[in-house]
Amino acid sequence: MNRLMWGGSLVLLIGTAAHALPGVYENRGRSLGIEYAHDLEAGRTQHSQLFYHDKHLWSLSADATATRFHLQYRLIVDGEDSQTYEKPGDRNVEKLIAFVEKPWGDFKWSLGLQEVSWGENLLLPILDVVNPRDVGYLRGFYDAGAKQSSPMLLGEWKSGVLDAQLIAVPWAVKSRQPEAIGDYKIADERRYEAGADSEYGGRLGIFLEGVDARLYYFRHHPREPSYRFQAFSGETDIIIDEEMVTTSGMSLSYAAAAWLLRTDLAWHQNFPATSVAAEVERTDLMQSIVGLNYTSDDGLQTLGVELHNDLWKTLPEAYSKGPWTEVERDQTLLTWIAVTANLSFFQTLIEPQIFYLQGLDNEDRMLRLILSSHVNDSTSIGSEYQKTEAATTSPKLLLNNKETLALRVTYAF
């Protein structure tokens, strides 16, 4: 069952219930706008979209334990994607979230198309593996905006200082792939089936006097792109590597006055090399991020620094220093440093954001500059510049050499 069928069924359910039963309805945000993105490196328009975003909440009653229905979606028409206006359908729907939620004492159950965020406060999260991602997303597949919703059963429990999540995804959703990499088309023929392709896991957390600690486990398909050449394939030259990965880890944060110290640790078993190769290598990968943030007294200015480490059991050949030379593969630890700034001036009239990542023992570099302006309560204008330079030794930014400029105008009503 695909994403559109799940979404359509739940939208129909919500619409029927809203008309047939008394209850409490709330519109939680409606906006429309235009976004234009230009690929500066390729010298072409990446997309030019008209979009409409809507978010609804409907409850059977005002009681805190009443069943609730959530619906959120983004509709687009893209001048660079002819299918969005010549053959309307699934490609016109983005960020579709549609689920039923039932609180029950300390428990809460949710069923439907959902997004779950783990470790989302860091620049390049390593534990946020529940949802698949759009590989061709403007800001890269690490960005939270690249996430796609999945049909899942989500159980949540909170009691005192403890909380937990259990997640079951019976019908896994494929990560959205580009149509081609360079001159090579990508095959996308394999269908996920319930059972062997199901995803599952959970999280357990505790909060004590400013310390927030959480343990994670998830069995899932690869979230980062990994491909291999298909011999004598005719028109299709590359197939997606989809062997399952197991991710486990922990996060720990401590808040003291204006400072926040955070660390995430992830262990990925059977992790694929992020590359296009004749054969995809798999090994274990240990990742860690340590970050320190400072927030001003008024809460408007935040500055941060992060240290990223990737420790490979065996460094994949794709990340060696040259495809045509014999090199040692004993450098299994790679390190990056990142700085972030989220600023706000003139009562949020101007809000610049700066993200910069630099490899310390490799040549990776990523710069993202965002400038947002809230003209009034309804209208906002934003621009974004991103330049990514990935070293041949990089397991973090491979396939992401890009330079883009995006402009966006949004009207909320």
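**Cores, strand pairing and a pocket in a predicted model**

Good morning. I begin with the interior of the protein. The largest nonpolar core comprises 16 residues, and those with the most contacts inside it are Leu-123, Leu-124, Phe-271, Trp-312, Leu-334, Leu-357 and Met-366. Strand 19 (333–342), strand 20 and strand 21 are the elements that contribute two or more residues to this core. Strand 19 provides the largest share, namely three residues. There is also a second, separate core of 15 residues, which includes Val-116, Leu-154, Val-169 and Tyr-216.

I should state at once that this is a predicted model. The protein chain has 413 residues, of which 47% count as buried. Its secondary structure amounts to two helices and 23 strands. If we take the contacts between residues at least 6 apart in sequence, 57% of them join residues at least 24 apart.

Let me now turn to the strands that supply the first core. How are strand 19 and strand 20 joined? They run antiparallel, with seven bridges between them. Within strand 20, Phe-355 has Thr-340 opposite. Strand 20 is also joined to strand 21, again in an antiparallel arrangement, by eight bridges. Here Phe-355 stands opposite Arg-368 of strand 21. Strand 20 and strand 21 form a hairpin, and five residues lie between the two strands. As general background, strands of a sheet pair through backbone hydrogen bonds, in either the parallel or the antiparallel sense.

The residue I wish to examine in this region is Gln-353, which lies in strand 20, residues 351–359. Is Gln-353 buried, partly exposed or exposed? Its relative accessibility is 23%, and therefore Gln-353 counts as partly exposed; the limit for buried is under 20%. Setting aside neighbours within four places in sequence, Gln-353 is in contact with Ala-341, Asn-342, Arg-368, Leu-369 and Ile-370. For Gln-353 and Gln-301, which are 52 residues apart along the chain, the C-alpha atoms are separated by 9.9 Å.

Gln-353 brings us to the second largest pocket, whose volume is about 640 Å³. Which of its 36 lining residues are the closest to the centre? They are Asp-143, Gln-353, Phe-355, Arg-368 and Ile-370. Two of the names in that list, Arg-368 and Ile-370, have already appeared as contacts of Gln-353.

As for the origin of the lining, strand 20, strand 21 (365–374), strand 22 (379–389) and strand 23 (402–412) each supply at least two residues. Strand 22 gives the most, with seven residues. In chemical terms, the lining of this pocket divides into 13 nonpolar, 14 polar and nine charged residues.

Finally, I turn to another part of the chain, where an open sheet of five strands is found. Its order is 8-9-13-12-16, and the pairing is mixed. Which strands form the edges? Strand 8 (180–181) and strand 16 (276–277) do, each pairing on one side only. Strand 16 pairs with strand 12 (residues 227–229) in the parallel sense, over two bridges. In that pairing, Ala-277 of strand 16 is the bridge partner of Arg-228.

To close, I return to strand 20. This strand gives two or more residues to the largest nonpolar core, and strand 20 also supplies at least two residues to the lining of the second largest pocket. Thank you.

How values were computed: Residues numbered from 1 in each chain as written. Predicted model: local features only at pLDDT ≥ 70, side-chain atom pairs only at ≥ 80, totals over all residues. Heavy atoms only, no water. Helix = DSSP H or I, 4+ residues; strand = E, 2+ residues; numbered from the N terminus. Buried < 20%, exposed > 50% of the residue type's maximum accessible area, 1.4 Å probe, protein only. Contact = heavy atoms within 4.5 Å. Pairing = 2+ DSSP bridges. 1 Å grid on protein atoms, 1.4 Å probe; cavity = no way out; pocket = protein on both sides within 12 Å on 5 of 7 lines; lining within 4 Å. Points joined across faces, edges and corners; volume = space filled by probe spheres on them. Nonpolar A, V, L, I, M, F, W, Y, C, P; charged D, E, K, R; others polar. Core = buried A, V, L, I, M, F, W, Y, C linked by side-chain atoms within 4.5 Å.
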